[in-house]
Amino acid sequence: MPRPEASAFVKTSMTAPDGYFAWEATGLRWLAAVTDGARLAPVLGVEPNRLLLERVSHAAPSRTAAEAFGRDLARTHAAGALAYGVGPDGWEGHGWLGPATDLLPLLLGSYDRWGEMYAELRLLPIATEGERRGALTGEDVRDVERLAQRLRDDDGDLDTGEPPARLHGDLWSGNLLWSPDGVVLVDPAAHAGHRETDLAMLQMFGSPQLATVLAAYDEAAPLADGWRSRVALHQTYPLLLHAAVFGGTYVGQAMDAVRRYL
């Protein structure tokens with residue numbers, strides 16, 4: 001592996017689970033394989049306890065860069081995958097998602113329908129974890145189970161029936177680097193899911209030029225009717241994860257999102 005240089009960024013951790021940096025590198029490469037899609041920080045090398053990336057120069061967010069990113073992200077999503085819930089090509093086992101100090105398993109599998117995948121790989125496991133940590137009550141978990149059953153039984157109200165999208169998987173604003181050449185993405189939890197999930201994550205904490213990004217995306221790849229009404233649904237899993245890890249006001253936000261769709 002090359003030695004770190006001024007042009008490289010070294011991400012390191014002695015507490016990350018075994019395989020974590022290989023998981024992240026595999027996701028970066030899978031997303032970057034879409035040649036006309038969103039830009040990813042190039043992987044220079046990976047070791048058990050560190051990841052070496054090409055350093056990204058920073059620039060102020062601009063409307064031009066936001067428009068280009070919205071269109072590029074649409075093309076990344078359109079590259080797709082074989083089934084809902086699968087991980088990046090070449091990856092075996094489950095992945096991880098969460099803060100570096102408390103990474104949680106991101107379960108992977110293979111599903112024909114998004115609603116079933118979201119229920120079984122996302123909502124139910126994180127509700128169980130939230131209850132185990134004392135963040136969620138038994139009533140909270142039962143409400144998550146009710147939403148999971150609705151997603152399994154959904155006839156098109158919540159699940160748009162679109163093909164699986166190639167997702168970044170952790171697309172909050174901190175993972176968008178604004179460079180002189182446009183937006184560069186880092187820190188993915190890449191997997192196949194619903195494209196509205198990435199867009200909902202982007203809206204969860206806000207982001208520079210957000211309205212421009214969403215408008216450019218929708219122009220390049222028009223979103224299904226009612227997508228705005230489903231934003232909170234796609235935010236439910238990351239909110240439950242935040243509730244499990246951090247507690248506090250995230251618990252109420254997560255359960256408000258759950259109960260909105262019961």
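**Figure 1. Asp-187, a partly exposed residue at 24% relative accessibility, in the predicted model.** The place of Asp-187 is in the loop between strands E9 and E10, and the phi angle of this residue is near 55 degrees, a positive value in a residue other than glycine. The side chain of Asp-187 meets that of Lys-11 in a salt bridge, with 3.0 Å from N to O. This pair links distant parts of the chain, since Asp-187 lies between strand E9 (182-185) and strand E10 (191-193) whereas Lys-11 belongs to strand E1 (residues 8-12), 176 residues apart. Unlike its partly exposed partner, Lys-11 counts as buried, because its relative accessibility is 18% and the limit for a buried residue is under 20%.

**Figure 2. Gln-209, a further residue with a positive phi value although it is not glycine.** Phi of Gln-209 is near 60 degrees, and the residue has its place in the loop between helices H5 and H6. With a relative accessible area of 30%, Gln-209 is partly exposed.

**Figure 3. Salt bridges of the pairs Glu-196 with Arg-230 and Asp-157 with Arg-150.** A search of the whole structure finds 16 salt bridges, and two of the pairs are described here. The side chains of Glu-196 and Arg-230 meet at 2.8 Å, N to O. Here too distant parts of the chain are linked, with Glu-196 in helix H5 (residues 195-204) and Arg-230 in the loop between helix H6 (210-220) and helix H7 (231-246), 34 residues apart. Glu-196 is buried, with a relative accessible area of 3%, and Arg-230 likewise counts as buried, at 6% relative accessibility. In the salt bridge between Asp-157 and Arg-150, the N to O distance is 2.3 Å. Asp-157 counts as partly exposed at 44% relative accessibility, and Arg-150 also counts as partly exposed, at 29%.

**Figure 4. A salt-bridge network of Asp-102, Glu-129, Arg-132 and Arg-133.** The side chains of these four residues, two acidic and two arginines, are to be viewed together, as they are linked in a network of salt bridges.

**Figure 5. The surroundings of His-191, a buried residue of strand E10.** The relative accessible area of His-191 is 6%, and the residue is therefore buried. A polar atom of its side chain lies 2.9 Å from the backbone oxygen of Ala-189. Leaving aside residues up to four places away in sequence, His-191 touches Trp-30, Val-86, Gly-87, Leu-106, Leu-108, Arg-122, Ala-165, Arg-166, Leu-167 and Gly-169.

**Figure 6. Arg-166 in strand E7 (residues 165-167) and the residues that it touches.** Arg-166 counts as buried, at 11% relative accessibility, and its side chain reaches the backbone oxygen of Trp-30 at 2.9 Å. Among the residues in contact with Arg-166, not counting those up to four places away in sequence, are Trp-30, Leu-31, Ala-33, Val-34, Thr-76 and His-77, and the list also includes His-191. Between Arg-166 and Val-86 the separation is 80 residues in sequence and 9.6 Å in space, C-alpha to C-alpha.

**Figure 7. Helix H8 (residues 249-260), with its buried and exposed residues.** Helix H8 has 12 residues and reaches 17 Å from its first C-alpha to its last, which is close to the 16 Å expected at 1.5 Å a residue. Its buried residues are Val-251, Ala-254, Met-255, Ala-257 and Val-258. Seen down the axis of H8, these buried residues fall within an arc of 155 degrees, so they line one face of the helix. On the other side of H8, Thr-249, Asp-256 and Arg-260 are exposed. The cover over the buried residues of H8 includes helix H4 (138-153) and helix H7.

**Figure 8. An aromatic cluster formed by Tyr-20, Phe-21, Trp-23, Trp-91 and Trp-96.** The structure holds seven aromatic pairs. The rings of Tyr-20 and Phe-21 have centres 5.4 Å apart and planes at 70 degrees, so this pair is edge-to-face, the angle being over the 60 degrees required for that class. Both Tyr-20 and Phe-21 are buried.

Definitions and conventions
Residues numbered from 1 in each chain as written. Heavy atoms only, no water. Helix = DSSP H or I, 4+ residues; strand = E, 2+ residues; numbered from the N terminus. Buried < 20%, exposed > 50% of the residue type's maximum accessible area, 1.4 Å probe, protein only. Polar contact = N/O pair within 3.5 Å; in protein donor to acceptor, adjacent residues only side chain to side chain. Contact = heavy atoms within 4.5 Å. Expected span 1.5 Å × (residues − 1). Arc of directions from axis to C-beta. Phe/Tyr/Trp six-rings, centres within 6.5 Å; stacked < 30°, edge-to-face > 60°.
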